[in-house]
Amino acid sequence: AASHQTEIRNSFDEPSAPLLDDLESGPSQEAQGAGLQLGNVTGVIPRNKMQTFERILWRSLRGNLYMNTAEIDEPVIDPSTDVVVEKNVFIIFAHGREILAKIKKIAESLGATLYPIDSSSDRRREALLDVVRHIEEFNSVLVNTTQTRRQELMRISENLVAWMIIVKKEKATYHTMNHFNYDINRKCLIAEGWCPTNEINTIQTALRGVTERSGSMVPSILNELKTHKEPPTFHKTNKFTVGFQGIVDAYGMAKYREVNPGLFTIISFPFLFAVMFGDVGHGIIVLLIGMYLCMNERKLAHVDGEMFQMVFGGRYIILLMGAFSIFTGMMYNDIFSRALPWFQSGWDFHVPDDYPGKTVIVAEPNGHTYPFGIDYAWHGTDNYLLFTNSYKMKMSVILGVIHMSFGICMVYYNAKFYRKPIDIIAGFIPQMIFMQALFGYLTLMILYKWSVNWFETDAAGHAVRNSPPSLLNTMIYMFLSPGSVAEGDRLYPGQAFVQGFLVLVAFICIPWMLFVKPYYLKWEHGKARAMGYHQPSEHNVRVSTDSTRSEEAAGAVVADEIEGEEEFEFSEEFIHQVIHTIDFCLSCISNTASYLRLWALSLAHAQLSEVLWSMTLGVAWGFSGTIGAIMTVAMFAVWFFLSIFILVGMEGLSAFLHALRLHWVEFNSKFYIGTGYAFQPFSFATVLSEKETA
């Protein structure tokens with residue numbers, strides 16, 4: 001090889017170019033004398049192992065080799081791991097079989113792939129042409145395969161949705177049928193389940209239709225079962241009522257056939273929200289948001305996002321909250337903390353021409369009565385906050401007592417439906433008397449105090465009545481000193497006797513609620529045991545929803561499994577009644593105070609709106625000229641953004657949560673059992689709406 005170092009090879013790219021000059025031009029005289037025969041090893045190796053490969057070869061062969069490498073431009077995909085690897089091609093010349101075998105072992109140990117290369121240029125040319133021909137054939141096969149696969153996938157895509165629907169339906173159908181029982185003797189499937197009573201005829205018609213279409217000679221048989229199991233609860237809803245029903249269901253699923261508060265929530269929830277959020281301007285914004293969601297419900301129903309779907313599901317709640325907020329805002333005469341002169345004011349301010357602005361001017365009545373809401377003349381006065389605080393606080397108590405009293409009335413309907421007169425005698429009647437004796441009386445005092453002119457004077461100018469008494473002190477001393485009222489705190493004649501009588505009645509209601517029901521159940525249990533029954537009949541009553549239908553099903557199979565039956569224990573019943581009585585008596589006080597959140601949040605909302613207006617547009621309107629115009633535009637943007645983000649977004653969410661609490665805790669706790677479970681009918685619509693989970 002050394003003897004031909006001075007020769008210049010014309011081109012290394014020619015196929016006929018020798019791998020090494022000595023192999024084709026003949027070895028030198030020194031090589032011939034030594035009997036030197038050169039061989040080669042060719043292959044590819046990962047680029048990151050190239051330096052290690054060269055170092056090992058050099059040390060193991062002590063430099064007795066000639067090696068040349070070149071980088072492969074395109075990355076190679078390893079067929080065993082499908083990983084993209086950068087590789088180098090190499091060729092090594094050495095003499096001796098043992099050395100060549102050693103080189104091959106080293107290369108294979110480092111992950112190299114070896115390829116045999118013939119030393120003859122003609123054979124190399126033939127091999128190259130053969131490889132090129134194979135590559136072209138493979139590329140042609142790949143192109144044809146890709147086109148065929150694409151066409152097949154296009155045809156599949158046209159039917160993929162329909163196939164997925166069919167698969168989901170069949171999967172859900174077989175999953176449900178796996179719950180059926182197989183009768184070996186009768187060679188049939190037996191299924192037990194629940195269905196709405198008024199849908200039985202529909203189900204029978206559907207079964208007959210399926211039997212006729214399938215050509216089966218054996219019809220499907222539908223029988224009603226008599227059972228003591230608790231049926232599931234099913235509330236028929238639509239897109240308007242489903243959001244309100246969801247509010248109630250989040251607290252607890254109603255027991256079968258008990259009073260459903262979701263119907264009353266349609267009005268009470270947005271109204272209590274609006275009491276805390278009363279503002280015409282903010283109500284219009286909420287109303288517009290609700291109208292947008294309702295008018296575009298078909299388009300927005302497919303928008304993903306858990307938070308958005310939650311808001312979208314309550315779009316009709318938002319719509320009514322906005323409408324009721326406009327109403328209460330008109331009652332408060334408040335639009336973005338500004339007053340609107342809807343009608344003629346009932347007060348006149350006589351401001352002299354030389355008024356210095358340091359003294360207080362007292363408004364005088366002009367004989368007109370403001371017909372709707374608060375008179376706009378109150379806005380901006382020094383005692384406006386004092387007046388609205390008293391007004392909204394008393395209004396909150398009145399609304400709370402009415403709301404809770406309505407909840408207690410639902411106890412009567414539940415007891416009547418479940419045929420439990422003891423719940424009326426020892427539950428509804430004493431609870432209603434206790435509530436009205438204390439807080440119903442407070443409501444009447446508020447209304448009476450509002451209806452009396454406490455500053456009326458006689459002909460001589462002397463006050464006819466004493467100063468208006470504090471109702472809070474009246475309620476406190478009603479318990480501390482029953483039967484006596486100080487002269488300065490007297491609200492009406494005969495007040496001492498009335499209050500003493502009401503306190504006595506309220507105290508009588510406590511043992512009434514505490515002892516009557518447990519001892520009545522003990523007497524009933526003893527009577528039933530004496531007659532030979534294991535349990536009182538009242539506890540096993542299964543309310544029939546259709547007497548005629550039960551007669552028709554007299555011959556049906558009776559599913560007599562009784563779930564949840566427990567032996568009567570007087571001590572447990574008495575302890576339960578003690579807890580219930582204490583909870584009711586204390587909750588009447590705490591829940592009434594809890595309704596004061598209506599006043600607190602309404603006050604906070606009005607004051608935040610006032611502060612935001614005065615710190616943005618109020619400041620901007622203090623400038624004039626060009627600066628005033630720029631400030632007005634800039635401050636309007638700030639005011640609008642903060643109004644949407646804070647007053648509508650954050651304050652609206654706060655009012656929503658407080659209204660939710662008033663319904664869950666203060667209202668539902670008076671009557672709602674909420675121990676049922678939801679009716680989950682088999683429905684393809686429900687199956688198809690469920691997203692695939694990994």
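# Close-up views of a predicted model

**Figure 1. E610 and R338 join their side chains in a salt bridge, with N and O 3.0 Å apart.** This is a predicted model, and the view takes in two places that sit well separated along the chain. E610 belongs to helix α19 (residues 597–615), while R338 is in the loop between α12 (315–332) and β10 (347–348), so the pair ties together parts that are 272 residues apart in sequence. How accessible are the two partners? E610 has a relative accessible area of 31%, so it counts as partly exposed. R338, at 32%, is partly exposed as well. For the wider picture, the structure has 14 salt bridges.

**Figure 2. Helices α13 and α19 pass each other with their axes coming within 8 Å.** Two numbers are handy for a view like this one: packed helices are described by the angle between their axes and the distance between the axes. Here α13 (residues 384–417) and α19 cross at roughly 145 degrees, and the crossing is right-handed. Which residues make the contact? From α13 come L385, N389, K392, M393, S396 and L399, and from α19 come L598, W599, S602, L603 and Q607. Sorted by class, that gives 6 nonpolar, 4 polar and 1 charged residues.

**Figure 3. L598 is among the residues with the most contacts inside the largest nonpolar core.** That core holds 73 residues, and F434 and L442 share the top billing with L598. Which helix gives the largest share? Helix α14 (residues 421–451) does, with 12 residues. Zoom in on L598 and, leaving out residues up to four places away in sequence, you find it touching L272, V275, M276, S396, L399 and L662. Two of those names, S396 and L399, also turn up on the α13 side of the helix contact in Figure 2.

**Figure 4. I103 sits in helix α4 (residues 97–109).** Is I103 buried or exposed? Its relative accessible area is 0%, so I103 is buried. What does I103 contact, once neighbours within four places in sequence are set aside? The list is V41, L57, L61, I92 and A94. You can also look across to F53: it is 50 residues away from I103 along the chain, and the two C-alpha atoms are separated by 9.8 Å.

**Figure 5. A second nonpolar core, separate from the largest one in the model, has 15 residues.** Among its members are L61, F90, I106 and A112. L61 may look familiar, as it is one of the contacts of I103 in Figure 4.

**Figure 6. E71 and R47 form a salt bridge, their closest N and O atoms being 4.0 Å apart.** E71 lies in strand β2 (residues 66–71) and R47 in the loop between β1 (38–46) and α3 (50–61), so the bridge ties together parts that are 24 residues apart in sequence. The two ends are not equally open: E71 is exposed at 55% relative accessibility, whereas R47 is partly exposed at 24%. Which other residue joins in? E86 does, and together R47, E71 and E86 are linked in a network of salt bridges.

**Figure 7. R133 and D130 pair up in a salt bridge within helix α5 (residues 121–177).** The closest N and O atoms of this pair are 2.3 Å apart. Where do the partners sit relative to each other? R133 and D130 are 3 residues apart in α5, so about one helical turn separates them. Both partners are partly exposed, R133 at 40% relative accessibility and D130 at 31%.

**Figure 8. S268 in helix α8 (residues 262–276) is a polar residue to look at up close.** At 14% relative accessibility, S268 counts as buried because the cut-off for that label is under 20%. Which residues does S268 contact beyond its neighbours within four places in sequence? Those are H403 and H663.

**Figure 9. The whole chain, for orientation, has 22 helices and 12 strands.** Of its 694 residues, 33% are buried. Take the contacts between residues at least 6 apart in sequence: 72% of them join residues at least 24 apart.

Conventions:
Residues numbered from 1 in each chain as written. Predicted model: local features only at pLDDT ≥ 70, side-chain atom pairs only at ≥ 80, totals over all residues. Heavy atoms only, no water. Helix = DSSP H or I, 4+ residues; strand = E, 2+ residues; numbered from the N terminus. Buried < 20%, exposed > 50% of the residue type's maximum accessible area, 1.4 Å probe, protein only. Contact = heavy atoms within 4.5 Å. Axes fitted to C-alpha atoms, helices over the stretch in contact; angles between N-to-C directions. Left-handed = near helix turned anticlockwise from the far one by under 90°. Core = buried A, V, L, I, M, F, W, Y, C linked by side-chain atoms within 4.5 Å.
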